[in-house]
Amino acid sequence: MATENKNLSEYDKNTIPNAKDFRFGIVVSEWNETITEGLYNGAFDALIDCEVPAQQIIRWNVPGSFELIYGAKKMLQTQNVDAVIVIGCVIQGETKHFDFVCEGVTQGIKDLNVQTDIPVIFCVLTDNNMQQSIDRSGGVHGNKGTEAAIAAIKMAYIRQQASIAHAYNQPLLTSGALQIEDSPKKIENE
Ligand SMILES: Nc1c(NC[C@H](O)[C@H](O)[C@H](O)CO)[nH]c(=O)[nH]c1=O
Ligand SMILES: CC(=O)[C@@H](O)COP(=O)(O)O
(Lines give C-alpha, C1' and ligand atoms only; values in the text may rest on other atoms or scores of the structure.)
(Ligands and ions follow the chains in the order given, each with its own letter.)
Protein backbone atom coordinates (compact mmCIF):
# COMPACT_ATOMS: atom_id res chain seq x y z
CA MET A 1 0.00 0.00 0.00
CA ALA A 2 1.48 3.33 -1.05
CA THR A 3 1.36 6.31 1.25
CA GLU A 4 -1.30 7.84 -0.99
CA ASN A 5 -3.69 5.13 0.20
CA LYS A 6 -2.88 5.56 3.91
CA ASN A 7 -2.97 8.63 6.14
CA LEU A 8 0.29 8.65 8.09
CA SER A 9 -1.29 10.52 11.00
CA GLU A 10 -4.05 8.05 11.76
CA TYR A 11 -3.71 5.77 14.81
CA ASP A 12 -6.01 3.94 17.20
CA LYS A 13 -5.03 4.67 20.80
CA ASN A 14 -6.72 1.42 21.82
CA THR A 15 -3.97 -0.50 20.04
CA ILE A 16 -1.11 1.44 21.62
CA PRO A 17 0.65 0.19 24.76
CA ASN A 18 1.02 2.28 27.92
CA ALA A 19 3.88 4.67 27.14
CA LYS A 20 3.91 6.73 30.36
CA ASP A 21 7.21 5.25 31.59
CA PHE A 22 9.06 5.15 28.27
CA ARG A 23 11.82 7.64 27.37
CA PHE A 24 12.38 8.62 23.74
CA GLY A 25 15.32 10.16 21.92
CA ILE A 26 14.62 12.12 18.74
CA VAL A 27 17.52 13.02 16.41
CA VAL A 28 16.56 15.70 13.87
CA SER A 29 18.40 16.61 10.65
CA GLU A 30 18.71 20.35 9.91
CA TRP A 31 18.66 19.85 6.12
CA ASN A 32 15.21 20.86 4.76
CA GLU A 33 14.43 22.06 8.27
CA THR A 34 10.92 23.34 7.48
CA ILE A 35 10.05 19.73 6.69
CA THR A 36 12.00 18.14 9.54
CA GLU A 37 10.47 20.55 12.04
CA GLY A 38 7.03 19.50 10.81
CA LEU A 39 7.99 15.85 11.21
CA TYR A 40 9.36 16.52 14.70
CA ASN A 41 6.16 18.31 15.73
CA GLY A 42 4.13 15.35 14.50
CA ALA A 43 6.25 12.93 16.49
CA PHE A 44 6.36 15.07 19.64
CA ASP A 45 2.62 15.74 19.60
CA ALA A 46 1.82 12.04 19.15
CA LEU A 47 4.05 11.05 22.06
CA ILE A 48 2.39 13.67 24.27
CA ASP A 49 -1.03 12.48 23.09
CA CYS A 50 -0.02 8.99 24.23
CA GLU A 51 0.80 10.45 27.66
CA VAL A 52 4.57 10.44 27.41
CA PRO A 53 5.76 13.26 29.72
CA ALA A 54 7.62 16.00 27.80
CA GLN A 55 10.61 15.62 30.12
CA GLN A 56 10.98 12.03 28.86
CA ILE A 57 11.57 13.20 25.28
CA ILE A 58 15.18 14.15 24.41
CA ARG A 59 15.93 16.04 21.19
CA TRP A 60 19.31 16.39 19.44
CA ASN A 61 19.94 18.12 16.08
CA VAL A 62 22.45 16.98 13.44
CA PRO A 63 23.53 18.76 10.21
CA GLY A 64 22.05 16.33 7.68
CA SER A 65 20.40 12.96 7.28
CA PHE A 66 23.72 11.17 6.89
CA GLU A 67 24.65 12.34 10.42
CA LEU A 68 21.49 10.74 11.82
CA ILE A 69 23.42 7.48 12.07
CA TYR A 70 26.13 8.84 14.37
CA GLY A 71 23.67 10.98 16.29
CA ALA A 72 21.42 8.00 16.97
CA LYS A 73 24.39 5.86 17.96
CA LYS A 74 25.59 8.41 20.53
CA MET A 75 22.04 8.99 21.74
CA LEU A 76 21.46 5.34 22.54
CA GLN A 77 24.97 4.94 23.98
CA THR A 78 24.74 7.89 26.37
CA GLN A 79 21.07 8.49 27.13
CA ASN A 80 18.63 6.27 29.01
CA VAL A 81 16.07 5.83 26.23
CA ASP A 82 13.68 3.04 25.26
CA ALA A 83 13.64 3.96 21.56
CA VAL A 84 15.20 6.51 19.21
CA ILE A 85 13.45 8.23 16.30
CA VAL A 86 15.64 9.66 13.52
CA ILE A 87 14.04 12.43 11.46
CA GLY A 88 15.31 13.57 8.08
CA CYS A 89 14.20 14.76 4.66
CA VAL A 90 16.26 13.84 1.61
CA ILE A 91 15.12 15.38 -1.69
CA GLN A 92 16.41 14.40 -5.11
CA GLY A 93 18.77 17.01 -6.61
CA GLU A 94 20.71 17.10 -9.89
CA THR A 95 23.19 14.37 -9.03
CA LYS A 96 23.36 10.85 -7.66
CA HIS A 97 24.14 12.18 -4.17
CA PHE A 98 20.51 11.54 -3.25
CA ASP A 99 20.99 7.82 -3.89
CA PHE A 100 24.10 7.59 -1.73
CA VAL A 101 22.66 9.58 1.17
CA CYS A 102 19.42 7.57 1.18
CA GLU A 103 21.18 4.22 0.92
CA GLY A 104 23.77 5.19 3.50
CA VAL A 105 21.21 6.33 6.07
CA THR A 106 18.99 3.34 5.44
CA GLN A 107 21.82 0.86 5.91
CA GLY A 108 23.25 2.76 8.88
CA ILE A 109 19.97 2.83 10.76
CA LYS A 110 19.35 -0.82 9.89
CA ASP A 111 22.78 -1.66 11.32
CA LEU A 112 21.96 0.12 14.59
CA ASN A 113 18.77 -1.95 14.90
CA VAL A 114 20.78 -5.12 14.34
CA GLN A 115 23.79 -4.27 16.50
CA THR A 116 22.16 -2.58 19.49
CA ASP A 117 19.29 -3.37 21.84
CA ILE A 118 17.43 -0.08 21.38
CA PRO A 119 14.92 0.22 18.51
CA VAL A 120 15.76 3.04 16.08
CA ILE A 121 12.77 4.24 14.08
CA PHE A 122 13.34 5.40 10.49
CA CYS A 123 11.49 8.69 9.96
CA VAL A 124 13.43 9.82 6.89
CA LEU A 125 11.57 11.12 3.85
CA THR A 126 13.26 10.22 0.56
CA ASP A 127 11.29 12.27 -1.92
CA ASN A 128 11.50 13.33 -5.53
CA ASN A 129 10.51 16.91 -4.78
CA MET A 130 9.56 19.31 -2.01
CA GLN A 131 5.84 18.91 -2.59
CA GLN A 132 6.04 15.21 -1.76
CA SER A 133 7.83 16.14 1.47
CA ILE A 134 5.23 18.76 2.35
CA ASP A 135 2.47 16.23 1.71
CA ARG A 136 4.06 13.75 4.17
CA SER A 137 5.00 16.13 6.99
CA GLY A 138 1.54 17.35 7.93
CA GLY A 139 0.01 17.70 4.48
CA VAL A 140 -2.52 15.70 2.51
CA HIS A 141 -0.91 12.35 3.38
CA GLY A 142 -0.59 13.12 7.09
CA ASN A 143 2.62 13.27 9.08
CA LYS A 144 5.32 10.58 8.99
CA GLY A 145 6.53 11.91 12.33
CA THR A 146 3.25 10.79 13.88
CA GLU A 147 3.63 7.36 12.33
CA ALA A 148 7.20 7.14 13.65
CA ALA A 149 6.17 8.05 17.20
CA ILE A 150 3.54 5.31 17.29
CA ALA A 151 6.06 2.84 15.89
CA ALA A 152 8.55 3.92 18.58
CA ILE A 153 6.03 3.25 21.37
CA LYS A 154 5.14 -0.17 19.97
CA MET A 155 8.79 -1.17 19.54
CA ALA A 156 9.72 0.06 23.01
CA TYR A 157 6.92 -2.12 24.34
CA ILE A 158 8.13 -5.15 22.41
CA ARG A 159 11.63 -4.58 23.81
CA GLN A 160 10.18 -4.36 27.33
CA GLN A 161 8.09 -7.52 26.92
CA ALA A 162 11.01 -9.38 25.39
CA SER A 163 13.23 -8.58 28.34
CA ILE A 164 10.53 -9.74 30.75
CA ALA A 165 9.91 -12.91 28.77
CA HIS A 166 13.64 -13.58 28.72
CA ALA A 167 13.85 -13.07 32.46
CA TYR A 168 11.09 -15.63 33.01
CA ASN A 169 12.22 -17.80 30.12
CA GLN A 170 8.84 -17.45 28.45
CA PRO A 171 8.07 -17.03 24.71
CA LEU A 172 6.73 -13.69 23.60
CA LEU A 173 3.08 -13.60 22.61
CA THR A 174 2.91 -15.07 19.11
CA SER A 175 -0.78 -14.70 18.39
CA GLY A 176 -0.54 -12.24 15.51
CA ALA A 177 -1.13 -8.70 16.70
CA LEU A 178 0.60 -7.94 19.96
CA GLN A 179 -1.84 -8.38 22.83
CA ILE A 180 -1.58 -5.47 25.24
CA GLU A 181 -1.69 -6.33 28.91
CA ASP A 182 -1.99 -3.72 31.66
CA SER A 183 0.92 -5.33 33.39
CA PRO A 184 2.88 -8.37 32.27
CA LYS A 185 1.86 -11.50 34.16
CA LYS A 186 4.63 -13.11 36.20
CA ILE A 187 4.80 -16.76 35.21
CA GLU A 188 5.44 -18.85 38.30
CA ASN A 189 7.90 -21.62 37.46
CA GLU A 190 6.21 -25.00 37.67
N1 LIG B 1 20.93 16.79 0.10
C2 LIG B 1 20.51 16.45 1.37
C3 LIG B 1 21.41 16.17 2.40
N4 LIG B 1 22.74 16.20 2.18
C5 LIG B 1 23.71 16.33 3.26
C6 LIG B 1 24.08 14.98 3.88
O7 LIG B 1 23.01 14.42 4.63
C8 LIG B 1 25.26 15.18 4.85
O9 LIG B 1 24.87 16.09 5.85
C10 LIG B 1 26.47 15.72 4.12
O11 LIG B 1 26.79 14.86 3.04
C12 LIG B 1 27.68 15.81 5.08
O13 LIG B 1 27.96 14.54 5.60
N14 LIG B 1 20.97 15.83 3.63
C15 LIG B 1 19.61 15.77 3.87
O16 LIG B 1 19.22 15.46 5.01
N17 LIG B 1 18.72 16.04 2.89
C18 LIG B 1 19.13 16.37 1.63
O19 LIG B 1 18.26 16.60 0.74
C1 LIG C 1 20.25 14.51 -1.47
C2 LIG C 1 21.26 15.51 -1.88
O3 LIG C 1 22.39 15.52 -1.43
C4 LIG C 1 20.87 16.42 -2.99
O5 LIG C 1 19.69 17.10 -2.60
C6 LIG C 1 21.97 17.43 -3.28
O7 LIG C 1 21.59 18.07 -4.49
P8 LIG C 1 22.50 17.85 -5.80
O9 LIG C 1 22.39 16.40 -6.19
O10 LIG C 1 21.89 18.79 -6.85
O11 LIG C 1 23.92 18.26 -5.44
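In the predicted model, the shell around ligand 2, comprising residues whose C-beta atom, placed from the backbone, lies within 6 Å of the molecule, is made up of Val90, Ile91, Gly93, Glu94, Thr95, His97, Phe98 and Val101. Local features need pLDDT of at least 70 and side-chain atom pairs count only at pLDDT 80 or more, whereas totals for chains, interfaces and linings use all residues. Residues are numbered from 1 along each chain as its sequence is written, and chains are lettered from A and ligands numbered from 1 in the order in which they are written.

Strand S3 (83-91) and helix H3 (97-115) each contribute at least two residues to the shell around ligand 2, and H3 provides the largest share, with three residues; helices (H or I, at least four residues) and strands (E, at least two) are DSSP runs numbered from the N terminus. His97, which the unreviewed UniProt entry annotates as "active site", lies in helix H3. His97 is classed as exposed because 12 other C-beta atoms lie within 10 Å, the classes being buried at 20 or more such atoms, exposed at 12 or fewer and partly exposed in between, with C-beta atoms placed from the backbone.

Under "binding site", the same unreviewed UniProt entry lists Trp31, Ser65, Phe66, Glu67, Cys89, Val90, Ile91 and Phe122; such annotations may be inferred rather than shown by experiment. Within this list, Glu67 occupies the loop between strand S2 (57-62) and H2 and is partly exposed, with 19 other C-beta atoms within 10 Å. Cys89, by contrast, is found in strand S3 and is buried, with 28 such atoms within 10 Å. When residues up to four places away in sequence are not counted, Glu67 touches Ser29 and Val62, while Cys89 touches Ser29, Trp31, Asn32, Ile35, Thr36, Leu125 and Ser133, a contact being a pair of C-beta atoms, placed from the backbone, within 7 Å.

The largest nonpolar core, a set of buried Ala, Val, Leu, Ile, Met, Phe, Trp, Tyr and Cys residues joined through C-beta atoms within 7 Å, has 47 residues, of which Ala43, Ala72, Val84, Ile85 and Val86 touch the most other members. Two or more residues of this core come from each of strand S1 (24-29), helix H1 (33-49), helix H2 (68-78), S3, H3, strand S4 (120-127) and helix H5 (144-167). Beyond its neighbours within four places in sequence, Ala72 is in contact with Val27, Val84, Val86, Ile109, Leu112 and Val120.

Note on methods. Two residues are in contact if their C-beta atoms, placed from the backbone, lie within 7 Å.
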